[in-house]
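Welcome, and please open the structure in your viewer. We will go from one selection to the next and look at what is there.

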Amino acid sequence: MTLRMRLQPEAIGSGMTSQRVRDRLVDRLRDNGIRDERVLNAIRTVPRHLFVDEALATRAYEDTALPIGHGQTISQPWVVAKMTEALLESEPKKVLEIGTGSGYQAAVLAALGLEVHTVERIGELLRTARKRFRQLGMNVRSKHDDGRIGWPENGPFDAIIVTAAAPALVDALTGQLAANGTLIAPVGGAGSQSLLKLSKDADGNVTQQTLAPVVFVPLLSGMVD
Ligand code: SAH
């Protein structure tokens, strides 16, 4: 499979961001149950160190969430892999992400050749993420908005991935999911969250499955600059 991105010298990395270090992360994800080689390949290739502050770049290939400012985090690689793997099961083409954050999850989806639409409520995070997409030659459609309304003009979507936790699934998002589509979202409060997978069949009936316990920042209302 060919991954869709442009690899410039800073994306190739060295030392703690080298290919060897990235391969070690991929081995660890495989040991922890990630099976889809397309996902492992995307994680091996997308330069996560370019999605965090330079001061944290040496920790970018640890399997851990890292701060990205504004009280937000770039998700743990295992969680990104698990969500992406679940989402690929229904072979989507057009995907909506809520919570762009650093842009890393969107970049992994774009590298897999998916048509990615992403929404972020914090303007400054979105501006930084857009620079990264441009730098990597990735075509990601993005919008500064409260993602709880989804992106109705661009829907329906074959898959939807929510990267911030709400107390319950958001109806507007379920509504923008196409028939035979998959929605992956963390649901729950600060103490206890689960990653849910909602599948819609050809008739629009939905079924739900719990994938794993997770820890996400909250899905908040409104927008900030
Ligand atoms: N997918 C991101 C994870 C970022 S953390 C990554 O790969 O880095 C979750 C993000 O969701 C934060 O940036 C936060 O600002 C954003 N968020 C929270 N509530 C939101 C909402 N209602 N609409 C859009 N984005 C939201």
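Which residue does UniProt list for "active site"? The unreviewed UniProt entry lists S75, so that is a good thing to select to begin with. Keep in mind as you go that this is a predicted model.

**Stop 1: S75 and its surroundings**

With S75 selected, look at the backbone on either side: S75 lies in the loop between β2 (72–74) and α4 (77–88). Now show its contacts. Leaving aside residues up to four places away in sequence, S75 touches R48, T64, A65, V80 and F216.

**Stop 2: the ligand**

Next, select the ligand and show what surrounds it. There are 27 residues around the ligand, and the closest are E97, S102, E120, G147 and L220. Three polar contacts are worth drawing as dashed lines:

- E97: an N or O atom in the side chain of E97 is 2.9 Å from a nitrogen atom of the ligand.
- T163: here a polar side-chain atom lies 3.1 Å from a ligand nitrogen atom.
- R121: the partner is a polar backbone atom, 3.4 Å from a nitrogen atom of the ligand.

**Stop 3: the largest pocket**

Switch to a pocket view. How much space lies in the largest pocket? About 440 Å³. To centre your view, select T73, G99, T163, A164 and V217, the closest to the pocket's centre among the 32 residues that line it. T163 is a residue you have already met, through its contact with the ligand.

Colour by secondary structure now. The elements giving two or more residues to this lining are β2, α4, β3 (94–98), α5 (104–111) and β4 (115–120). The largest share, three residues, comes from β2. Recolour by residue type and the lining of the largest pocket divides into 16 nonpolar, twelve polar and four charged residues.

**Stop 4: the second largest pocket**

For the last stop, move to the second largest pocket, with a volume of about 180 Å³. Select F51, V52, D53, P67, I68, G69, H70, S102, E124, L125, T128 and R132 to show its lining. S102 should look familiar, being one of the closest residues to the ligand.

Which element gives the most to this lining? That is α6, with four residues. Both β1 (66–69) and α6 (123–135) supply at least two residues each. By type, the lining of the second largest pocket holds five nonpolar, four polar and three charged residues.

Methods
Residues numbered from 1 in each chain as written. Predicted model: local features only at pLDDT ≥ 70, side-chain atom pairs only at ≥ 80, totals over all residues. Heavy atoms only, no water. UniProt positions renumbered as here; feature names shortened; annotations may be inferred. Contact = heavy atoms within 4.5 Å. 1 Å grid on protein atoms, 1.4 Å probe; cavity = no way out; pocket = protein on both sides within 12 Å on 5 of 7 lines; lining within 4 Å. Points joined across faces, edges and corners; volume = space filled by probe spheres on them. Nonpolar A, V, L, I, M, F, W, Y, C, P; charged D, E, K, R; others polar. Near = heavy atom within 4 Å. Polar contact = N/O pair within 3.5 Å; in protein donor to acceptor, adjacent residues only side chain to side chain.
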